[in-house]
Amino acid sequence: MADVKVENITKRYDDLVALNKVSFECKEGQFFTLLGPSGAGKTTMLELIAGIKEPTEGHVYIGGQMVNKLPPQERNVAMAFENYALYSFLSVYDNIAFPLRSPKMKGLITSSEERQRVQEMATLLGIEKLLDRRPQHLSGGQKQRVSLARTMVRRPDVYLLDEPIAHLDAKLRTSTRATLKELAKEFGITIIYVTHNYREALALSDHILILREGIVEQIDTPENIYHVPASDFTAKLTGDPPINLIDGEVLGNSKGVFFSAAPHFSFPIASELTEKLKNAQWEENDRRMVRIGIRPQDIKISRERISDMAFDLPVYATIREGENSVITFELKDVFLLVRTDSDHYKVGEKLWIQFDQQCMFFFRKTMDISK
Amino acid sequence: MSSVEFRNVWKIYDGDVVAVKDASFRCEDREFVAILGPSGCGKSSSLRMIAGLEQVSRGDILFDDQIVNDLSSRERNIALAFESYALYSPLTIYGNLAYPLRVMGMNKREIKNKVTAIARAFELEEVLDRKPSHLSGGQKQRVSLARALIRDPNVFLLDEPLSHMDQALRSTLRARIRHIHDELEATTIYVTHDQEEAVALADRMIVMNMGTIQQVGMVNEIYQYPANQFVAGFVGDPEMNFLEGTLESDHRVAIHGDEGQVSWTTRRVTGASAGSHVLVGVRPEKILISLEPVESALKTTVQLIEFVGDYKLITFRIAGRNLKALTPIAFNTEEKTSIWISADTDRIYLFEKESGEALIMKE
């Protein structure tokens, strides 16, 4: 196993900047995830580490050695691709065993060791009954697990996994995610992982890098990414239903500071939060503005007015979530989503809404949020 | 809009492939019903038969109590929206919305009124002059739904319309679809493999597996009283946990743990006698975890903790099965520590081991 260090990497294609001065360090034995929407540059980053692509600027180090000039086969990394890339003329067994039969591995592994490793990996991923089949007779989810098994069968310095479980159905994804995490812990392996799924990123990683249009937005632990997001962008990436982001005017009078997003939608800000608010606010057309972030579970709703912090809105729609409900309200630019354990509210009914201010975030505006 | 009814409907392909087997259900006027099941369960064949894209092999389909078996798709007046938007790229959004009305031979003035009204409902007024390629995914989806609805159809059929949307967009689009259904007082049938989607939107669900209807009921009823082990496992995420057990009486079950048996009190059991082998089900969000020994609790070890944002997912093993529990973030435990597992009486489900049929009946 080895650590990976990426130093000031820039990747340009003609006019397009895919990655812009990206730096990070994945320590030996760490599970390090690149999280971001499609087009953020996540796969390009993996390809640069694997040596499939060359950086325009910057350096990649594996185990302390600068590898920019090394071809992929000399980097001792294993990569699983989102599009499987299985050999259709080989059986599932031979596909998984393939990396163990490369010229470099010659003489290092006996055929009984090979059988044992392939079986072990196939069993862990629940594909042990498919070993004799050809890839073209497998479902997408099965192919993806074969691809993952083929990557994990070898013991390279670093594993590079690109959306390796994205095509599994929800239940299989949850169990394979757990298998992957146990595997990573048991062998203490170094993994750089790419996903657009925030649950995978939070559940699996020691550290997460949020990538946004080729630029590092935040590098942190899963807990901090979720509880202390550095920007509105990071906050919106983690959570389902996603965090509510609402822009409004900051108004002050002798009674304190108020947040106002619409005539019916304004409330006083708790005095201990005004400092945080001030640090985030911006000026727009001579008005002081701020973007509030609040998660759907941190909002209370009721038929009675709870306090003078509450405001009222008509219900737009109710959607269910297991035994809970998500009540949606329509604001001018956005929807407000509230998670509650009651579903006895009618469309159009006016409800009182109150934010748990201790759970509120204040952000600068770095992205468009209109519905 | 109309009611939709299946009376003993079969769909058999090539003489012997049974896609839908003796299906009967009724979807009332203005109801929102989801047909839910894994791939190959028969839901898409059912949808295609409702739409008139596929002939019924046996049985009858009725709209407002009239048999429609021999009516064409157009005569049935169905609005169908797919997962792919299927918008006409050379036409503007206005042109796309107007298209079904032009086909019907409606005059220009009427078309304009209708397009304006539906564009307002779907908040598309500002993009009417644009081409589809200049729209976001969410906007395209709205155009596709609006176009399906513009003809005042009898039934609104949706085939996995949200499955490729990104997470953030999906929750607002769900709200929109539900709002539009309520607003238009539409009869909506929504076909999906995604239980989360069905639970989110529908009033009632029809759960299918291998061509057969497993259960029809209100969403919360199916959640609380699954008819069999398949439904119990399919509806809910993460999946319900199952343990092996033996009935001791009509309200007690012995669970086989790693360190001997424990006995749990259950609701009243019907249709099985003491000594029967059963599967004991508990949903991950209903598992009670104690960090100290508790009477009648199963001892196990925390194998894995996954932080997934608004909750933690704990994995542990009992009698060779991987089980999961959902806990609040504040719940503090570490991997490899001992925990004791139990569940409240009314949160324990029992299933007959061989057939998978539920043994706890609705009170």
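This is a guided tour of a predicted model with chains A and B, going from whole chains down to single residues.

**Before you start**

Because this is a predicted model, local features need pLDDT of at least 70 and side-chain atom pairs count only at pLDDT 80 or more, while totals for chains, interfaces and linings use all residues. Residues are numbered from 1 along each chain as its sequence is written, and chains are lettered from A, with ligands numbered from 1, in the order in which they are written.

**Stop 1: chain B as a whole**

Select chain B and turn it until its C-alpha atoms lie along their principal axes, where they fill a box of roughly 75 × 45 × 35 Å. Colour by secondary structure to find nine helices and 20 strands; helices (H or I, at least four residues) and strands (E, at least two) are DSSP runs, numbered from the N terminus. Of the 363 residues of chain B, 43% count as buried, where a residue is buried if 20 or more other C-beta atoms lie within 10 Å of its own, exposed if 12 or fewer, and partly exposed in between, with C-beta atoms placed from the backbone.

Residues in contact are those whose C-beta atoms, placed from the backbone, lie within 7 Å. Among the contacts in chain B with a separation of 6 or more, 66% are between residues 24 or more positions apart.

**Stop 2: the domains**

Colour residues 4-231 of chain B as domain 1 and residues 238-352 as domain 2, bounds that come from an automatic or database domain assignment. The C-alpha centres of these two domains of chain B lie 39 Å apart.

Now do the same in chain A, where domain 1 covers 4-237 and domain 2 covers 244-363, and where the C-alpha centres are separated by 40 Å. How many residues does each domain of chain A give to the contact? Domain 1 of chain A gives five residues and domain 2 of chain A gives five residues. On the side of domain 1 of chain A that touches domain 2 of chain A there are two nonpolar, one polar and two charged residues; here Ala, Val, Leu, Ile, Met, Phe, Trp, Tyr, Cys and Pro count as nonpolar, Asp, Glu, Lys and Arg as charged, and the others, Gly among them, as polar.

**Stop 3: where the chains meet**

Show both chains together and look at the place where 26 residues of chain B are in contact with 34 residues of chain A. On the chain B side, select helix H6 (167-184), helix H7 (195-201), helix H8 (219-224) and strand E16 (298-307), the elements that give two or more residues. H6(B) supplies the largest share of that side, nine residues. By class, the chain B side that touches chain A holds eleven nonpolar, seven polar and eight charged residues.

**Stop 4: a pair of helices in chain B**

Keep H6(B) selected and add helix H5 (residues 137-149) of chain B, whose axis comes within 11 Å of the axis of H6(B) and crosses that axis at roughly 20 degrees. The axes are lines fitted to C-alpha atoms, for helices over the stretch in contact, and angles run from 0 to 180 degrees between N-to-C directions. H5(B) and H6(B) are therefore roughly parallel to each other, since angles under 35 degrees count as roughly parallel, over 145 as roughly antiparallel, 65 to 115 as roughly perpendicular and the rest as oblique.

Show side chains to see that Gly137(B), Gly138(B), Gln141(B) and Leu149(B) in H5(B) meet Leu169(B), Leu173(B) and Leu184(B) in H6(B). This contact has four nonpolar, three polar and no charged residues.

**Stop 5: a covered helix in chain A**

Move to helix H1 (residues 42-50) of chain A, where eight of the nine residues are buried, including Met45(A), Leu46(A), Leu48(A) and Ile49(A). Just after H1(A) comes Gly51(A), which has a positive phi, near 95 degrees.

**Stop 6: unusual backbone angles**

In chain A, select Asp240(A) and Pro241(A), which are joined by a cis peptide bond with omega near -5 degrees. Pro241(A) sits in the loop between helix H8 (232-237) and strand E11 (244-253) of chain A. In chain B, the peptide bond from Asp237(B) to Pro238(B) is cis, also with omega near -5 degrees, and Pro238(B) is in the loop between helix H9 (229-234) and strand E11 (241-249) of chain B.

Finish with Asn8(A) in strand E1 (residues 4-13) of chain A, which is not a glycine but has a positive phi of about 50 degrees. Is Asn8(A) buried or exposed? Asn8(A) is exposed, with 12 other C-beta atoms within 10 Å.

Key
Two residues are in contact if their C-beta atoms, placed from the backbone, lie within 7 Å.
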